[in-house]
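Please find below a colleague's note, set out as numbered points, to be read beside the sequence and the structure.

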Amino acid sequence: MIRGNDPILLTPGPLTTSLETKQAMLRDWGSWDASFNAITASIRQDLVAIVNGEGTHTCVPLQGSGTFSVEAALGTLLPRDARVLVPDNGAYCQRIARILKYLGRAHVPMELPEDRAPTAAMLEEAFARDPSITHVAQVHCETGTGILNPLAEIAAACQRHGKGLIVDAMSSFGALDIDVSRTGIDAVIAASGKCIEGVPGMGFVIARQSLLEASQGRSHSLAMDLHDQWVYMQKTTQWRFTPPTHVVAAFRAALDQFEAEGGVAARGARYRRNCETLVDGMVALGLRPFLPRAVQAPVIVTFHAPPDPAYAFKPFYEKVKARGYILYPGKLTRVETFRVGCIGAIDANEMRNVVSAVAETLKEMGVKALAPAKDAAYA
Ligand SMILES: *Cc1c(COP(=O)(O)O)cnc(C)c1O
């Protein structure tokens, strides 16, 4: 699909991009140039359409990595007296909680084991316990483990109880269904270098326009003020401050390929095939995924590290890399794991090849015990 001599990134952003996307960066654009600003406008329009937000929601892009857009969305869209429930089953949920602390917004934690997804009933219980909760900040796919949180169910619960809902859909946007028209989702946050398969460098927030309009003067920070960015863009068609021009051009090319592939349905289907091929292959080797299949998103898979004393992540990583594949360390504190991404301009063949690379590497390292005993599972 791509293939140069570079290793394939099996990481959840930056990820492997197509040659076409890379080639779109071979031109310098002026930020005042009308044709560049037309690209920005078309991207904004297409992103709103992906989540069915035409007429109600608007897209505000922002320079920086995905976290910048999460912080900007929370700082701009949440009133200063908001009280935010954060269902927490992983590292990116915890990042939201940290951002809220920085921003001085009250937050109510809802701690879950990293292999358990929140349910509507859990949220309703939290609302009943603390009726002063005004919003929920929910991570859709928690990339720390790869767990899929049930967004539609959570959105319905928020709508029933009149709570605002801000969604970090960074690693799901473009691959899994998100529909802001049927649900009460106020804002969806994602970035260029994830499932749309662009390069990293810009995030975007698809926000309910009425909320954005009401958010003037709320942001603690000029650079992070989404309202200001939006107003300026509406008025001038330009980005406020220097845009990441090459990133934007590459993102346009990536969106064209996304649409040509068949949008969310086709992209999600390719990632599901990637994920199934990977999991089947690794399980056949004797490795064990951390999550049960029922809650596994087709984005990134966490595997238990082999309990064999001959295994260590660093040499494992280096040897798999020498065979052409970049893996990702685990992000769990209580059990040793490693992660393999299923997203990017890759197909099931790559997943079969990475399984072979892992098999050869483990053999070379002399690793024999591959799966932890069942009862050594996550405490
Ligand atoms: C990638 C990602 C982010 C943003 O991370 P950055 O390193 O700032 O790009 C946020 N949330 C989730 C769920 C992610 O996967």
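The points that follow take up salt bridges, aromatic pairs, a charged patch and one long-range distance.

1. A word on the source comes first, since the structure under discussion is a predicted model, and the values given in this note were computed from that model and should be read accordingly.

2. By the distance rule applied here, the count of salt bridges comes to 17. One of them joins the side chains of Arg83 and Asp130, with 2.9 Å from N to O. Arg83 belongs to strand S3 (residues 83-88), while Asp130 sits in the loop between helix H5 (120-129) and strand S5 (135-139), so this pair ties together parts that are 47 residues apart in sequence. With a relative accessible area of 29%, Arg83 is partly exposed, whereas Asp130, at 15%, falls under the 20% cut-off and therefore counts as buried.

3. A second salt bridge that links distant parts of the chain is found between the side chains of Arg208 and Asp186, again with an N to O distance of 2.9 Å. Arg208 lies in strand S10 (residues 202-208) and Asp186 in the loop between strand S8 (164-168) and strand S9 (187-191), the two residues being 22 apart. Arg208 is partly exposed, its relative accessible area being 21%, and Asp186 is buried, with a value of 12%.

4. What separates Glu125 and Arg129 along helix H5? The two residues are four apart in that helix, which means that about one helical turn lies between them. Glu125 and Arg129 form a salt bridge in which the closest N and O atoms are 3.4 Å apart, and both residues are exposed.

5. Salt bridges also join into a network, whose members are Asp46, Arg252, Asp256 and Glu259. A reader who wishes to inspect this group may find it convenient to display these four side chains together.

6. Turning to the aromatic residues, the structure holds seven aromatic pairs. The ring centres of Phe313 and Tyr317 are 5.8 Å apart and the ring planes stand at 45°, so this pair is classed as tilted. Both residues lie in helix H11 (residues 313-322), where they are four residues apart, about one turn of the helix. Phe313 and Tyr317 are, in addition, both buried.

7. Which residues are linked by ring pairs into a cluster? The cluster consists of Phe303, Tyr311, Phe316 and Phe338. One of its members, Tyr311, can also be set against Leu148, as the two are 163 residues apart in sequence and 29 Å apart in space, from C-alpha to C-alpha. Leu148 is found in strand S7 (residues 147-148) and is partly exposed, with a relative accessible area of 29%.

8. On the surface, Arg95, Arg98, Lys101 and Lys331 form a positive patch. Within this group, Lys331 lies in the loop between strand S13 (328-329) and strand S14 (337-341). Is Lys331 buried, partly exposed or exposed? Its relative accessibility is 34%, so Lys331 counts as partly exposed. That value is also over the 30% relative accessible area required of a patch residue, which is why Lys331 can be included on this criterion.

Conventions:
Residues are numbered from 1 along each chain as its sequence is written. This is a predicted model: local features need pLDDT of at least 70, side-chain atom pairs count only at pLDDT 80 or more; totals for chains, interfaces and linings use all residues. Side-chain values use heavy atoms; hydrogens and water are left out. Patches are made of residues with over 30% relative accessible area and no salt bridge: like charges are joined within 9 Å, nonpolar side chains (Val, Leu, Ile, Met, Phe, Trp, Tyr) within 5 Å. Accessible areas come from the Shrake-Rupley method with a 1.4 Å probe; for residues, only the protein chains shown count as cover. Lys and Arg count as positive and Asp and Glu as negative; His and the chain ends are not counted. The place of a charge is taken as NZ of Lys, CZ of Arg, CG of Asp or CD of Glu. Buried means under 20% relative accessible area, exposed over 50%, partly exposed in between (1.4 Å probe, protein chains only). Rings of Phe, Tyr and Trp (its six-membered ring) pair if their centres lie within 6.5 Å; planes under 30 degrees apart count as stacked, over 60 as edge-to-face and the rest as tilted.
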